[in-house]
Amino acid sequence: MSNRYVYGITDGDPIEFEADAVRGGEYVYTVTHRRLGAVVSDVDTTELEETDEDAQRHDEVLREIMDRTDGRGVVPMRFGMAFESDRTLKNVLRGARPAFRRALNDVEGRIELGLKVVREADTDVDTEAIETAVADAVEPIADQSVPNGLFSDRLVLNRSYLVDRDDRERFDEAVAALEDEHEALTFRYTGPFAPYSFVDVEIGAGR
Amino acid sequence: MFILDDLLLRPFVGIVDALHTMALDELYDIEAIQDDLKENQLLYELGERSESEYRTQKDELEAELEIAREVHERLTSGRIEVKR
């Protein structure tokens, strides 16, 4: 079990806690290189197959890291990033240091929230009007937002928002008000997540 | 238009080959199956699909996805031959 599975990158004090980790791991800790920390658990392979259970564990560990770093933020890794040893991982931290620093700056103190607007089956709605109403209500509160795929005919809108922790309550209220105003629609409001949709650090070479 | 563009872009591939590949692409559309999986999840979360319906759908779609991936892998590696 000398391979390291990476959930995300943080800075500051190392963290450690017991968790239901990916591939049966039980302990999450930090491998650091000059204040940059990769939050990892031990795994027995570097070729991970994505199962629902492990994807969920990945998310849950990230959520716990977000709670524990309290505002410092975490740059989340996509599912499946595993490294052969501490040494290869530290090499990555060293090599991608500027990129991680930038990404940490972008996510500091922020969380990701998701909003899906779903229409009833077999009904027509004014998509444009709904998009405008949602944008007017929540975009001023969010720092950034990105569209996600409309994977179902029922979906009218599907976006992710990067929101300052301090603005979370205002965002909640804005979504609640939207729900009241549009009774025929279902609002599926999710999060907070680590800001997956807003950081894009690619690591791969030299794994 | 799409068909025409695709054929023009690949002048060295026979028309039959191209059409056959496109037909396979459509039949084993990975993205469409992934969308169906997400929709299944959404409808379950909204309480419109029972747990057993959700599970059955999920198993079926995952099996389809696996086959689709295999077909695409073979297509790109040239292991599926197009007969004339």
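**Note on the predicted two-chain model**

1. At 79% relative accessibility, A:Asp122 counts as exposed, and this residue sits in the loop between strand 7 (110–119) and helix 4 (127–138) of chain A. The model is a predicted one, and in it A:Asp122 has a positive phi of about 55° although the residue is not a glycine. Most residues other than glycine have a negative phi, and most peptide bonds are trans.

2. A second residue deserves a look for its backbone: A:Arg34, which is not a glycine, has a positive phi of about 45°. A:Arg34 is placed in the loop between strand 3 (27–33) and strand 4 (36–43) of chain A, and with a relative accessibility of 57% A:Arg34 counts as exposed.

3. The peptide bond between A:Gly191 and A:Pro192 is cis, with omega at about 0°. A:Pro192 belongs to strand 10 of chain A, which covers residues 185–193.

4. On overall architecture, chain A comes to five helices and ten strands, whereas chain B has four helices and zero strands, following the pattern α-α-α-α along the sequence. The C-alpha atoms of chain A fill a box of roughly 55 × 30 × 30 Å along the principal axes.

5. On burial and contacts, 48% of the 207 residues of chain A are buried, while in chain B buried residues make up 21% of 84. Among contacts with a separation of 6 or more, residues 24 or more positions apart account for 75% in chain A and for 57% in chain B.

6. The surface of chain A amounts to about 10,600 Å² of exposed area, of which carbon and sulfur atoms supply 39%; chain B exposes about 6,300 Å², and there carbon and sulfur atoms supply 52%.

7. Regarding charge, chain A carries 25 positive and 46 negative charges, and the mean positions of these two sets are 9 Å apart. A surface patch of negative charge gathers A:Glu179, A:Asp180, A:Glu181 and A:Glu183. Of these residues, A:Glu181 is found in helix 5 (residues 168–181) of chain A and is exposed, with a relative accessible area of 57%.

8. The structure holds 18 salt bridges over all chains. One of them pairs A:Asp20 with A:Arg57, the closest N and O atoms being 3.4 Å apart. This pair links distant parts of the chain, 37 residues apart, with A:Asp20 in the loop between strand 2 (17–18) and strand 3 and A:Arg57 in helix 1 (residues 52–69). A:Asp20 counts as exposed at 51% relative accessibility, and A:Arg57 as partly exposed at 22%.

9. Within helix 1 of chain A, the side chains of A:Glu64 and A:Arg68 meet in a salt bridge of 2.8 Å, N to O; because these two residues are four residues apart in that helix, about one helical turn separates them. Both ends of the bridge are partly exposed, A:Glu64 at 31% relative accessibility and A:Arg68 at 41%.

10. Which residue of chain A forms a salt bridge with B:Glu45? The partner is A:Arg188, with the closest N and O atoms 2.9 Å apart. B:Glu45 lies in helix 3 (residues 30–45) of chain B and A:Arg188 in strand 10 of chain A, so the pair joins two chains. B:Glu45 counts as partly exposed at 36% relative accessibility, and A:Arg188 is partly exposed at 23%. Elsewhere, salt bridges that share partners join A:Arg4, A:Asp42 and A:Asp86 into one network.

Conventions:
Residues are numbered from 1 along each chain as its sequence is written. Chains are lettered from A and ligands numbered from 1 in the order in which they are written. This is a predicted model: local features need pLDDT of at least 70, side-chain atom pairs count only at pLDDT 80 or more; totals for chains, interfaces and linings use all residues. Side-chain values use heavy atoms; hydrogens and water are left out. Buried means under 20% relative accessible area, exposed over 50%, partly exposed in between (1.4 Å probe, protein chains only). Contact means heavy atoms within 4.5 Å. Accessible areas come from the Shrake-Rupley method with a 1.4 Å probe; for residues, only the protein chains shown count as cover. Patches are made of residues with over 30% relative accessible area and no salt bridge: like charges are joined within 9 Å, nonpolar side chains (Val, Leu, Ile, Met, Phe, Trp, Tyr) within 5 Å. A salt bridge is a side-chain nitrogen of Lys or Arg within 4 Å of a carboxyl oxygen of Asp or Glu. Lys and Arg count as positive and Asp and Glu as negative; His and the chain ends are not counted. The place of a charge is taken as NZ of Lys, CZ of Arg, CG of Asp or CD of Glu.
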